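Subject: Structure handover

Hi,

Here is the structure I promised to pass on to you. Have a look at it first, and then read on for my notes on what turned up.

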Amino acid sequence: MNQGFDMENTLFLTFCSFLSVVHFIPLAASTPSYLSFLQCLTTHSDPSDHILSRVYTPNNSSYKSVLQHYIRNQRFNRSTTPKPDIIFTPLQESHVQVAVTCCRKTDKYLKIRSGGHDYEGISYVSNISFVLLDMSDLRSIDVNIQNETAWVQAGALLGELYYKIWEKSKIHAFPAGVCPTVGVGGHITGGGYGNLLRKYGLSVDNLIDARIVDVHGKILNRESMGEDLFWAISGGGGASFGVISAYKIRLVKVPDVVTVFRVVRTVEENAIDIVYRWQFIADKIDNNLFIRLTLKPVDEKQKGTKTITVTFVALYLGDSRELLSIMDRYFPQLGLHIKDCKEMSWIESELFWASFPNGTPPDALLNRKPGAKFLKRKSDYLRKPIPRDKLKSIFDKMIELGDTELVFNQYGGRMNDIPEWETPFPHRAGNIFKIQYAANWGKEGKEAENFYLNQTRVLYKYMTPFVSKSPRCAFLNYRDLDIGVNHNGNNRYIEGRVYGLKYFKDNFNRLVKVKTLVDPDNFFWNEQSIPPLAA
């Protein structure tokens, strides 16, 4: 019997069975190019891997739900939004290897999505025909309390990570964000910012190892990838360098009892003076304390006008008595009282910060289905206190605009101790706040979208005199295409440098060198990726 014929016949039958799994192949995926991609998947995988059932095309009944499940910004969930030709949902690392190999062999553009919280939809939207690699089923978490470490796959969510840690220990945590539905993969690759940063730094400051599938389809760990690439994916945007499948993280200690509070002050309650004073001590106060300020325009129903409320939300790693002593000494202007403070466990504080009702059980952190909304975000860094009269003018401008919020995220503490070149994330000593511009709306349509986008841009422009300069810095995880886009053409380095310096400052140049070494042909490209140098 002709063994070559048998092999070809087997592959043909396997491919035919594949077509029956993904149902009718739509026009975009029925071209020779895409048929080659689909056949490549079957050729490079073992039938026992069940890789064929992980592919969804637009005519598959599950395609829409798979795509929309991790779209967190409704701006990118319209019928007119460009969509992937194929969605591939790997169950194991070998699936990721095959996806990279076959996209490269058949010249397909690859997008990588973990939790879908990219504010500009970069992880799942493109005007170029693409394959979406959805990592949401690669979500295993292995916590080792004895060694105070954990391996976390990229598709796990922060809430799942916190819950798994809590199951093993009530006095361990991990420094990361306060939104439980954020994907671990994207969050850590951008730095990983949360309410433990003044005590323990960022997520990337607590990394031990990682696993990445490179442009050649090889799985690398820290040892085999080398320190330069490990440095690059520790805050430099991992999707520029490969597909990160998992991180090994270092857990940190938290006390049995922590204290939280949420208090609101209005302009009539001297909110401007309180915020003004806060600027001078925010980066100097006790490292166990983190306070986030949200400045929000609200309606004064009785007067028929708008005003600004300032919400102070805090986490203190200790009891309420210690917290009140610190606040009375350094920040009496807030007027914090014992009745404002709530003592609880660290896991309960995560629920509090995520705005769950009191008494919500920790397993609520396992919920993967948050409501999506229309939104726009921008970011800035404050290095010098804003004069009181200018602060009042900012309040007035926010009232004039009507809806855009400002969120002040406190710096200092451990962040001051880490050199800005130690990881790609450079925003360290000298920063008082990270500022987030936040616009949320519920109305459909381009008119509403343009209205709110314009608000954020007007306020951003108004803030120019008060924020960091040369460059005007930005936070990668608060993705903002307004500050620059890379079109992957001859000017890709020049274009990339515009936003690259804002996100990474001088670290951008080292990131470019690493990119040029590991992905010189720019296979892992997106609208704000790190560009390689020209050949």
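Tyr381 is buried, its relative accessible area being 0%; please keep in mind throughout that this is a predicted model. You will find Tyr381 in strand β16, which covers residues 374-382. Setting aside neighbours within four places in sequence, the contacts of Tyr381 include the aromatic residues Tyr411, Phe425, Phe433 and Phe475. Also in contact with Tyr381 are His427, Asn431, Lys434, Val467, Ser468, Cys473 and Ala474. As a distance check for your own scripts, the C-alpha atoms of Tyr381 and Asn454 are 20 Å apart, with these positions 73 residues apart in sequence.

Next, the sheet. Four strands make up an open sheet of mixed pairing, ordered β1-β2-β4-β3. Its edge strands, each paired on one side only, are β1 (55-56) and β3 (109-113). Between β1 and β2 (residues 86-88) there are 2 bridges, and the sense is antiparallel. Within that pair, Val55 stands opposite Phe88 of β2. Helix α4 (residues 93-105) packs on the sheet, where it touches β2, β3 and β4 (130-134). The directions of α4 and β4 make an angle of about 170 degrees.

Now to the charged side chains. How many salt bridges does the count come to? The answer is 32. Here are three of them, with their N to O distances.

- Asp137 and Arg54 meet at 2.4 Å. Asp137 sits in the loop between β4 and β5 (141-144), while Arg54 belongs to the loop between α2 (32-43) and β1, so this salt bridge ties together parts that lie 83 residues apart in sequence. Arg54 counts as buried at 12% relative accessibility, whereas Asp137 is partly exposed at 29%.

- Asp340 and Lys339 form a salt bridge at 3.6 Å. Asp340 counts as buried because its relative accessibility of 17% falls under the 20% cut-off. Lys339, in contrast, is exposed, with a relative accessible area of 67%.

- Asp396 and Lys392 pair at 3.0 Å. Both are in helix α13 (residues 388-401), and because they are 4 residues apart there, about one helical turn separates them. Asp396 is partly exposed with a relative accessible area of 39%, and Lys392 is partly exposed as well, at 37%.

There is also a network to look at. Through salt bridges that share partners, Arg75, Arg78, Glu120, Lys376, Lys378, Lys446, Glu449, Arg457, Asp480 and Asp482 are joined into one network.

Last, the empty space inside. How many cavities of 30 Å³ or more does the structure hold? There is 1. The volume of the largest cavity is about 40 Å³. Which residues line it? The lining consists of Leu67, Ile71, Phe76, Asn77, Arg78, Thr81, Pro82, Lys83, Tyr124 and Val125. You may recognise Arg78 from the salt-bridge network above; here Arg78 appears in the cavity lining too.

If you want a place to begin, you could select Tyr381 and display its contacts, among them Phe425 and Cys473. After that, try the salt bridge between Asp137 and Arg54, and then the residues around the largest cavity, including Tyr124.

Best wishes, and happy exploring!

Technical notes
Residues are numbered from 1 along each chain as its sequence is written. This is a predicted model: local features need pLDDT of at least 70, side-chain atom pairs count only at pLDDT 80 or more; totals for chains, interfaces and linings use all residues. Side-chain values use heavy atoms; hydrogens and water are left out. Two strands pair if DSSP finds at least two bridges between them. Contact means heavy atoms within 4.5 Å. Axes are lines fitted to C-alpha atoms, for helices over the stretch in contact, and angles run from 0 to 180 degrees between N-to-C directions. A salt bridge is a side-chain nitrogen of Lys or Arg within 4 Å of a carboxyl oxygen of Asp or Glu. Buried means under 20% relative accessible area, exposed over 50%, partly exposed in between (1.4 Å probe, protein chains only). On a 1 Å grid over the protein atoms alone, a cavity is a set of points where a 1.4 Å probe fits but cannot get out, and a pocket is an open set with protein on both sides within 12 Å along at least five of seven lines; lining residues have an atom within 4 Å of a point. Grid points are joined across faces, edges and corners, and a volume is the space filled by probe spheres set on the points.
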